[in-house]
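Me: I should like a close look at a single part of this structure, set out as one connected account. Please begin with one residue and its contacts, and then place that residue among its wider surroundings.

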Amino acid sequence: MEFNQNKSIYLQIADSISEKIVSGELKEGDRILSVRELGAELGVNPNTAMRSYEKLTGEGIIYNQRGIGYFVAEGARLIALSDMRKEFMEKELPDILRRMNLLEISPEDIFKENI
């Protein structure tokens with residue numbers, strides 16, 4: 001995983017896990033890597049991985065079974081999808097719309113170009 005310097009690493013890791021859940025790569029009840037395994041796989045400090053898991057746990061996307069590990073929570077896909085849509089609408093879409101306006105591109109132009 002390549003990290004973007006404009007966003008905290010733990011948030012990027014949490015986003016990546018959420019994307020895997022939304023895409024169906026991870027499903028409800030699936031066990032996910034332990035904090036240490038994730039840290040080793042990504043080459044980050046386990047504390048960074050733990051912050052990602054704490055964020056996702058707080059949002060109800062994953063849960064911890066003490067002594068067993070972390071798992072994808074029931075309803076996680078809908079929660080993650082809702083969070084991702086909200087972030088897109090609030091952070092990415094305004095920039096896209098501003099750029100489209102500047103370049104005089106209409107939504108119809110986009111669909112004509114991509115068909």
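**Gln12 and its surroundings**

Reply: In this predicted model, Gln12 touches Met1, Glu2, Phe3, Asn4 and Lys7, leaving aside residues up to four places away in sequence. Gln12 belongs to helix α1. With a relative accessibility of 9%, Gln12 falls under the 20% limit and therefore counts as buried. One polar contact can be described in detail: the Gln12 side chain reaches the backbone oxygen of Lys7 at 2.6 Å.

Lys7 leads on to the largest pocket. Lys7 is among the residues closest to the centre of that pocket, together with Asp15, Asp83, Met84 and Glu87. The volume of the largest pocket is about 420 Å³, and 18 residues line it. Helices α1 and α4 each supply at least two residues of this lining, and the largest share, 9 residues, comes from α4. By class, the lining of the largest pocket holds 11 charged, 6 nonpolar and 1 polar residues.

The helix that holds Gln12 also contributes to the second largest pocket, where α1 and α2 are the elements that give two or more residues to the lining. The volume here is about 230 Å³. Of the 13 lining residues, Ile17, Lys20, Leu33, Leu38 and Glu41 lie nearest the centre of the second largest pocket. Helix α1 provides the largest share of this lining, with 4 residues. The classes in this second lining are 9 nonpolar, 3 charged and 1 polar.

Two of the residues just named, Ile17 and Leu38, also belong to the largest nonpolar core. In soluble globular proteins, nonpolar side chains tend to be buried together. This core has 21 residues, of which Ile17, Ile21, Ile32, Leu38, Tyr53, Ile61 and Ile62 touch the most other members. At least two core residues come from each of α1 (9–23), α2 (35–42), α3 (46–58), β3 (69–72) and α4 (76–102). The helix of Gln12 gives the most to the core, namely 5 residues.

Ile61 shows how one core member is surrounded. Not counting residues up to four places away in sequence, Ile61 touches Ser18, Ile21, Leu56, Phe71, Val72, Ala73, Ala76, Ile79, Ala80 and Asp83. Asp83 also appears among the residues closest to the centre of the largest pocket.

Beyond α1, the chain passes through the loop between α1 and β1 (31–32), where Leu26 is found. Leu26 has a relative accessible area of 17%, which means that it is buried, since the limit is under 20%. Its contacts, again without residues up to four places away in sequence, are Ile17, Lys20, Ile21, Ile32 and Val72. Ile17 and Lys20 are also among those nearest the centre of the second largest pocket, while Ile17, Ile21 and Ile32 are among the core members that touch the most others. The C-alpha atoms of Leu26 and Arg77 lie 9.0 Å apart in space, with their positions 51 residues apart in sequence.

A contrast to Gln12 is offered by Glu104, in the loop between α4 and α5 (107–113). Glu104 has a relative accessibility of 72% and therefore counts as exposed. Most residues other than glycine have a negative phi. Glu104, however, has a positive phi of about 55° although it is not a glycine.

Methods. Residues numbered from 1 in each chain as written. Predicted model: local features only at pLDDT ≥ 70, side-chain atom pairs only at ≥ 80, totals over all residues. Heavy atoms only, no water. Core = buried A, V, L, I, M, F, W, Y, C linked by side-chain atoms within 4.5 Å. Buried < 20%, exposed > 50% of the residue type's maximum accessible area, 1.4 Å probe, protein only. Contact = heavy atoms within 4.5 Å. 1 Å grid on protein atoms, 1.4 Å probe; cavity = no way out; pocket = protein on both sides within 12 Å on 5 of 7 lines; lining within 4 Å. Points joined across faces, edges and corners; volume = space filled by probe spheres on them. Nonpolar A, V, L, I, M, F, W, Y, C, P; charged D, E, K, R; others polar. Polar contact = N/O pair within 3.5 Å; in protein donor to acceptor, adjacent residues only side chain to side chain.
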